[in-house]
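Okay, thanks for making time, everyone. I'd like to walk you through one structure today, so have a look at the screen.

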Amino acid sequence: LKLVSGGLKGQKALAGLEMKIPPEWHVYGPTPQGEDVAGFEPTITWDKSLNLKDLTILWPPPLKTEIQEQLSYVYEGNILIPFELTPEKI
């Protein structure tokens, strides 16, 4: 994992979490509501931050696939998950 800076957008900071997922591995992605799927989507917490007012995760669309005959939404290969971060103070 690598945190990548994206600069500023008004009162928000832009960043991304770069994941390099090894071949034949995957990370589960967000699941559309009402879908019965395998796996758990990732969670990202910033509760230790002393200056974060709000965080919006801009999930890229995951790949819809079947894993062990169950519907799944996954990320594979290299993926960047962008964020908009709103600090308490700039």
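I'll go through the sheet, then the charged pairs, then the aromatic pair, and finish with two single residues. One thing before we start: this is a predicted model, so please keep that in mind throughout.

Let's begin with the sheet. There's an open sheet of four strands, and the order across it is β1-β2-β7-β4, with antiparallel pairing. At the edges you have β1 and β4, and each of those pairs on one side only. If you ignore direction, neighbouring strands in this sheet are turned by 25 degrees against each other on average.

Now a bit more detail on who pairs with whom. β1 and β2 run antiparallel, and seven bridges join them. To pick out one position there, Leu8 has Ala13 as its bridge partner in β2. These two strands make a hairpin with two residues between them. Have a look at Gly10 in that turn: its phi is positive, at about 65 degrees.

Moving one strand over, β2 and β7 are also joined, by eight bridges, and they run antiparallel. Here the position I'd point at is Ala15, whose bridge partner in β7 is Phe83. Hang on to Phe83, we'll come back to that residue.

Right, charges. As a general reminder, side chains of opposite charge can pair when their charged atoms come close. So how many salt bridges does a search of the whole structure find? It finds two.

Number one is Glu84 with Lys9, where the closest N and O atoms are 3.2 Å apart. That pair links distant parts of the chain, with Glu84 in strand β7, residues 78-87, and Lys9 in strand β1, residues 2-9, so to speak 75 residues apart. The other is Glu84 with Lys12, at 3.9 Å from N to O. Lys12 sits in strand β2, residues 12-20, and Glu84 in β7, so this pair ties together parts that are 72 residues apart in sequence. Put the two together and you get one network of Lys9, Lys12 and Glu84, joined by salt bridges that share partners.

Which of the three residues are buried, and which are partly exposed? Glu84 has a relative accessible area of 15%, so Glu84 counts as buried. Lys9 is partly exposed, at 47%. Lys12 is partly exposed too, with a relative accessible area of 29%.

Next, the aromatics. The count comes to one aromatic pair, and that's Trp46 with Phe83. How are the two rings arranged? They're edge-to-face, 5.8 Å centre to centre, with 85 degrees between the planes. This pair also links distant parts of the chain: Trp46 is in the loop between β3 and β4, Phe83 is in strand β7, and they're 37 residues apart.

Here's Phe83 again, then, the bridge partner of Ala15. Phe83 is at 2% relative accessibility, which means it counts as buried. Trp46, on the other hand, is partly exposed, with a relative accessible area of 29%.

Last bit: two single residues. Take Ser72, which lies in strand β6, residues 70-75. Is Ser72 buried or exposed? Its relative accessible area is 0%, so Ser72 is buried. And what does Ser72 touch, not counting residues up to four places away in sequence? The list is Tyr28, Val37, Ala38, Leu63, Lys64, Thr65 and Ile67.

Now put Lys20 next to that. Lys20 is in strand β2, and it's exposed, with a relative accessible area of 62%. Leaving aside neighbours within four places in sequence, Lys20 is in contact with Gly77 and Asn78. From Lys20 to Tyr75 it's 55 residues in sequence and 9.9 Å in space, C-alpha to C-alpha.

That's my tour. If you want one spot to rotate to on the screen, try Glu84, which forms a salt bridge with Lys9 and another with Lys12.

Notes
Residues are numbered from 1 along each chain as its sequence is written. This is a predicted model: local features need pLDDT of at least 70, side-chain atom pairs count only at pLDDT 80 or more; totals for chains, interfaces and linings use all residues. Side-chain values use heavy atoms; hydrogens and water are left out. A salt bridge is a side-chain nitrogen of Lys or Arg within 4 Å of a carboxyl oxygen of Asp or Glu. Buried means under 20% relative accessible area, exposed over 50%, partly exposed in between (1.4 Å probe, protein chains only). Contact means heavy atoms within 4.5 Å. Rings of Phe, Tyr and Trp (its six-membered ring) pair if their centres lie within 6.5 Å; planes under 30 degrees apart count as stacked, over 60 as edge-to-face and the rest as tilted. Two strands pair if DSSP finds at least two bridges between them. Axes are lines fitted to C-alpha atoms, for helices over the stretch in contact, and angles run from 0 to 180 degrees between N-to-C directions.
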